[in-house]
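This report covers helix packing and enclosed space in one protein model. Please read it beside the sequence and the 3D view.

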Amino acid sequence: MVALGFGAGMAVRFFHTSDWHLGQFFYNHSRQYEHQQFLTWLIEQIKDKQPHALLIAGDVFDVINPASSAQKQLYQFLADAHSAAPHMQTLMIAGNHDSGYRLEQVEPLLEKYNAKTVGIVRWNTEHRLDFDRLILPIHNEYQEIVAWCIALPFLRPAEITGHGEATQDSQQAIEYIHQALIKEALQRKTADQALILMSHAHMQGADESKESERPIIIGNHEALSTELFSPEIDYVALGHLHKPQKVQSPHVRYSGSPIPLSFSELNYKHQVLEVNIDPDLSENRLEMNPLYIPRTVQLHRLSGELDEVLTQLTLLPAGEISDIDQRDYLDIEYYSLTPPPPDLRKKIEDLLPPERYRLVRISRKYLQQSSSEVHASKIDLAPPTPEQLFEQLWQKMGYSQDEQVKQDFMTLLQDAQQSEHKMKTADNT
């Protein structure tokens with residue numbers, strides 16, 4: 001842990017976080033308890049550190065139409081954060097999971113809690129960028145401007161193209177927006193003020209979480225280049241990728257998600273970044289300190305030969321957890337050369353310590369019968385039949401072949417095909 005020199009002059013101190021995904025369901029299990037534990041922890045950090053600003057770099061919610069419970073969780077947090085640090089500003093941008101219009105609809109409420117949000121890139125009637133909505137001042141406790149924040153939400157092509165020759169396609173528009181905003185921000189700032197850019201984007205060279213991040217494709221360009229960021233920018237606060245990481249340069253950072261949103265994030269060190277920028281210093285003007293977030297619900301992934309997995313189950317920590325929302329998640333991925341027993345799930349559940357785990361998935365991976373045996377592979381371009389799809393799904397779920405189940409499926413399939421045929425016949429008569 002690096003102690004930050006939060007004292008002096010016109011230095012700005014802020015927290016960088018992103019990808020909360022409030023309202024997420026994990027294999028049909030609510031994450032509300034886990035999110036609430038994170039928000040309660042974050043309030044304590046705000047109360048202790050008293051930052052000038054909290055930057056939330058997109059994907060505040062998990063879906064564009066979040067449940068009322070998820071919205072209530074956000075607005076209660078804003079109220080609590082304002083109570084803990086009345087001078088602190090909360091700046092939010094919309095991510096690809098958010099509705100930018102929805103986030104901006106509650107501006108009167110946000111103002112009450114010293115919070116602002118940028119949901120979409122706005123233009124005026126002359127097709128010029130609305131700089132005042134996209135370049136936000138950050139004040140210290142004495143109401144002096146200590147930094148400017150360029151706030152760039154997820155850039156949707158329909159919202160950024162068609163505003164003159166410089167925005168004829170998405171790639172042109174992205175370059176133009178960055179250049180224009182940075183140029184304007186540099187004109188507004190003074191030498192003793194820092195410049196921050198907050199963006200929700202997929203950057204080239206960054207590591208992604210394969211299981212939980214929705215791909216962002218803008219104008220056929222999968223990822224953006226860090227060359228968009230002018231060297232005058234002191235810090236780039238990124239959202240979208242869930243792994244905490246720097247991208248190309250130490251000052252270009254993803255804070256990462258606060259809780260693991262998939263099993264691929266099992267070993268991530270979830271954190272909020274505490275950042276201090278002192279423009280008066282010629283060296284070491286930027287200091288960063290990760291604040292590691294306690295994990296309140298554990299994730300376990302067991303993998304290996306089926307017998308090995310069954311043995312691993314007996315070694316899992318025991319101890320009942322009465323509230324189901326606080327129980328550990330368990331994912332099992334096993335290998336077997338022979339069909340698994342038909343009662344595999346029950347066998348696994350019987351080996352688990354009682355009232356401790358939520359068994360969310362059992363999946364089977366297939367191995368060749370001999371590592372020295374080479375099997376010829378052919379690419380079948382024909383689409384799979386309904387029978388093949390059913391068999392693949394049945395096996396993937398870990399069940400063995402069952403002729404009665406297959407026969408029942410074929411009966412249902414035939415009934416559906418007959419109904420479809422009757423409808424087509426009626427349409428043609």
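The text below takes two helix pairs and then the cavities.

This is a predicted model, in which local features need pLDDT of at least 70, side-chain atom pairs count only at pLDDT 80 or more, and totals for chains, interfaces and linings use all residues. Residues are numbered from 1 along each chain as its sequence is written, and side-chain values use heavy atoms, with hydrogens and water left out.

Helices (H or I, at least four residues) are DSSP runs numbered from the N terminus. Axes are lines fitted to C-alpha atoms over the stretch in contact, with angles from 0 to 180 degrees between N-to-C directions.

| Helix pair | Axes come within | Crossing angle |
|---|---|---|
| H1 (residues 32-49) and H2 (residues 68-84) | 9 Å | roughly 15 degrees |
| H8 (residues 306-314) and H9 (residues 344-351) | 8 Å | roughly 30 degrees |

With axes crossing at roughly 30 degrees, H8 is therefore roughly parallel to H9 (angles under 35 degrees). Contact means heavy atoms within 4.5 Å. Leu306, Leu310, Leu313 and Thr314 of H8 meet Leu344, Lys347, Ile348 and Leu351 of H9. This contact has six nonpolar, one polar and one charged residues, where Ala, Val, Leu, Ile, Met, Phe, Trp, Tyr, Cys and Pro count as nonpolar, Asp, Glu, Lys and Arg as charged, and the others, Gly among them, as polar.

The axes of H1 and H2 cross at roughly 15 degrees, so H1 is roughly parallel to H2. On the H1 side, the contact includes Leu39, Leu42, Ile43 and Ile46; on the H2 side, it includes Phe77, Ala81 and Ala84. By class, the H1 and H2 contact divides into seven nonpolar, five polar and two charged residues.

A cavity is a set of points on a 1 Å grid over the protein atoms alone where a 1.4 Å probe fits but cannot get out; lining residues have an atom within 4 Å of a point. Grid points are joined across faces, edges and corners, and volume is the space filled by probe spheres set on the points. There are three cavities of 30 Å³ or more, and the largest has a volume of about 80 Å³. Its lining includes Glu34, Phe38, His270 and Arg295. That lining has seven nonpolar, three polar and two charged residues.

Definitions and conventions:
On a 1 Å grid over the protein atoms alone, a cavity is a set of points where a 1.4 Å probe fits but cannot get out, and a pocket is an open set with protein on both sides within 12 Å along at least five of seven lines; lining residues have an atom within 4 Å of a point. Helices (H or I, at least four residues) and strands (E, at least two) are DSSP runs, numbered from the N terminus. Angles under 35 degrees count as roughly parallel, over 145 as roughly antiparallel, 65 to 115 as roughly perpendicular and the rest as oblique.
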